[in-house]
Amino acid sequence: MSSNKVLPTKLNLIRFKNELKLVSTIKRLLESKREVLLIYLRTYAAEYEKLYNEVNEALKKTYNSYMQAVVDEGITTIEKIADSQSHSLSVSSSLRVIFGVKIPVIQLNESSIPEKPFSEVETSPYLSEAYDEMREALVKVVQLVELESTIRSLAAELRRTQRLINAIDTSILPFYRGSVKYIKSVLDDKAREEFVRLKITRRILERRRQSGE
């Protein structure tokens, strides 16, 4: 929208000045929100990196124990034990709000993890180790998924906030500043014209009085 299409009146000048202040305040609030979102993102990113390394290490240990169990028991026995178990886990989810952003909360129902379907005395100790390590790894994997979802939500909100700031900087503020400048310019020109007109009128009246007309 062009500032030149604004009606140059005193009322509009007051209105646009007030709206300019409001937009400037909104921009400052958005910038504060951006800074807070960045702090949250850095914090969660650091937590994610730490947990990601822990999950990698836990899964590596689980895999090593599992392969040792396969060597001891044979792949056929391991597969029979695996096939006898439930293939589903129970996970609960909810939402919490961080600085106006909805963040997913995901929790693994550990009671839904099947108990050991084998005797620790009759099977390889590595199989028991693999079970215990996988149980611990599952909890961390779910936490990692929650952290990743949190980071994605915060990053999306950060992008939206930055787009709003950019729109204010490139379009909204220039429009209001241009409008205020345009209206003031027109009103100042009119005031100067009125001043000159009054001055000329006063001179004419003064001459008429002096000439006795």
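Visitor: How many aromatic pairs are there, and what makes two rings a pair?

Guide: The count comes to five aromatic pairs. Rings of Phe, Tyr and Trp (its six-membered ring) pair if their centres lie within 6.5 Å; planes under 30 degrees apart are stacked, over 60 edge-to-face, and the rest tilted. Keep in mind that this is a predicted model, where local features need pLDDT of at least 70 and side-chain atom pairs count only at pLDDT 80 or more, while totals for chains, interfaces and linings use all residues. Residues are numbered from 1 along each chain as its sequence is written, and side-chain values use heavy atoms, with hydrogens and water left out.

Visitor: Why is the pair of F16 and F175 called edge-to-face?

Guide: The F16 and F175 centres are 5.9 Å apart, within 6.5 Å, and the planes stand at 70 degrees, which is over 60, so edge-to-face it is. F16 lies in helix α1 (residues 10-73) and F175 in helix α3 (residues 125-211), so the pair ties together parts 159 residues apart in sequence. Helices here are DSSP runs of H or I, at least four residues, numbered from the N terminus. F16 and F175 are both buried, and they form one aromatic cluster with Y176.

Visitor: What makes Y48 and Y52 stacked?

Guide: Their centres are 6.0 Å apart and their planes meet at 25 degrees, under the 30 degree limit, so the pair is stacked. Y48 and Y52 are four residues apart in helix α1, about one helical turn.

Visitor: Why is Y48 called partly exposed, and T161 buried?

Guide: Buried means under 20% relative accessible area, exposed over 50%, and partly exposed in between (1.4 Å probe, protein chains only). Y48 has 22%, so it falls in between. Y52, at 39%, is partly exposed too. T161 has 2%, so it is buried.

Visitor: How do you know that the side chain of T161 makes a polar contact with E157?

Guide: T161, in helix α3, reaches the backbone oxygen of E157 with its side chain at 2.8 Å. A polar contact is a pair of N or O atoms within 3.5 Å; within protein, one must be able to donate a hydrogen and the other to accept it, and residues adjacent in sequence count only if both atoms are side-chain atoms. So 2.8 Å is inside the cut-off. Leaving aside neighbours within four places in sequence, T161 is in contact (heavy atoms within 4.5 Å) with L30, K33, R34 and L37.

Definitions and conventions: Helices (H or I, at least four residues) and strands (E, at least two) are DSSP runs, numbered from the N terminus.
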